[in-house]
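Trainee: Could you take a close look at the ligand site and tell me what surrounds the ligand there? I would like one connected account that I can follow on the structure.

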Amino acid sequence: MRQTLIAGNWKMNLTVSETEEFFKNFKFRKKENVELLLCPPFTDIPITRFFLERTSVKWGAQDVYPSPKGAFTGEISPSMLKDLGCTYVICGHSERRQILGESDEFVGKKVQAVLKEGLTPILCVGETLEEREAEKTEKRISEEIGAAFSLLKKEEIEKIVIAYEPIWAIGSGRAATAEDAEKISFFIRHTVKEAAGKKAAESVRILYGGSVNADNIADFLKEKDIDGGLIGGASLKPESFLAIYKNA
Ligand code: PGA
């Protein structure tokens with residue numbers, strides 16, 4: 001049984017003092033079958049750890065550099081994140097691919113480096129509106145997944161989380177329909193099966209991301225191949241994030 005994962009991606013939002021405010025109002029009743037995760041900016045990780053370390057909620061990072069250490073000014077290594085208690089790392093979010101020009105190969109290296117440190121990568125994949133209209137969604141996702149899988153062993157593939165985030169649905173208030181998200185999630189699971197076998201296909205968790213909120217989360221989670229959500233905007237306020245958790 002795959003455990004549901006509700007993950008918040010704060011992106012470049014919330015200062016340390018705003019994070020303290022957030023946690024003052026972060027009160028919830030624990031659900032056994034749902035894992036809750038927050039990925040704040042790097043600067044907020046220590047304070048997030050302070051508030052979450054005695055709870056069941058996990059924390060992680062939004063990005064990483066795929067090297068253990070060295071002359072990489074401004075970058076953060078997997079071991080630095082592990083040292084701060086992070087358990088998950090988002091790799092290849094579309095904003096990094098599009099704004100910062102990260103290639104499929106570079107994202108693949110991040111996934112590999114995160115696994116090597118014993119952390120769980122959340123590999124983000126998804127198509128632009130143009131790719132969708134040109135019916136190239138599956139092709140694009142195969143490329144993104146293929147670049148990462150080419151660097152991984154089957155046992156490593158089993159451990160990853162994949163987030164399907166259609167780029168046109170992110171921050172737009174226009175989420176994919178649950179049926180469309182399921183269609184692609186099924187395709188992703190099939191791709192995992194082809195690459196790493198049945199066991200991997202059954203264990204990899206697939207999240208949907210893109211304008212998820214408390215009203216639509218349950219529809220996505222009803223689908224057979226969707227195991228959780230990656231939530232941007234609605235994770236910035238404790239009330240909206242916890243409402244999603246409650247409805248999950
Ligand atoms: P959104 O962002 O929930 O604000 O659409 C999702 C994401 O980018 O992970």
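Mentor: What follows goes from the residues around the ligand to the polar contacts, and then to the largest pocket. Please keep in mind that this is a predicted model. The ligand has 13 residues around it, and those that come nearest are Lys 11, His 93, Glu 165, Gly 171 and Ser 211. Sorted by class, this shell is made up of four nonpolar, seven polar and two charged residues.

Among the polar contacts, His 93 takes part through its side chain, with a polar atom that lies 2.7 Å from an oxygen atom of the ligand, whereas Gly 171 takes part through its backbone, where an N or O atom lies 2.7 Å from an oxygen atom of the ligand. Gly 233 also uses a backbone N or O atom, which lies 2.8 Å from an oxygen atom of the ligand. On its own the ligand has 280 Å² of accessible area, and the protein covers 95% of that.

Turning to the largest pocket, its volume is about 460 Å³, and its lining consists of 18 residues, with Lys 11, Met 12, Gln 62, Arg 96 and Leu 100 lying nearest the centre. Lys 11 is thus named both among the residues that come nearest to the ligand and among those nearest the centre of the largest pocket. Helix 4, which spans residues 94-99, gives the largest share of this lining, namely three residues. By class, the lining of the largest pocket has nine nonpolar, four polar and five charged residues, while the shell around the ligand has seven polar and two charged residues beside its four nonpolar ones.

Conventions: Residues numbered from 1 in each chain as written. Predicted model: local features only at pLDDT ≥ 70, side-chain atom pairs only at ≥ 80, totals over all residues. Heavy atoms only, no water. Near = heavy atom within 4 Å. Polar contact = N/O pair within 3.5 Å; in protein donor to acceptor, adjacent residues only side chain to side chain. Areas by Shrake-Rupley, 256 points an atom, 1.4 Å probe, with all protein chains shown as cover. Nonpolar A, V, L, I, M, F, W, Y, C, P; charged D, E, K, R; others polar. 1 Å grid on protein atoms, 1.4 Å probe; cavity = no way out; pocket = protein on both sides within 12 Å on 5 of 7 lines; lining within 4 Å. Points joined across faces, edges and corners; volume = space filled by probe spheres on them. Helix = DSSP H or I, 4+ residues; strand = E, 2+ residues; numbered from the N terminus.
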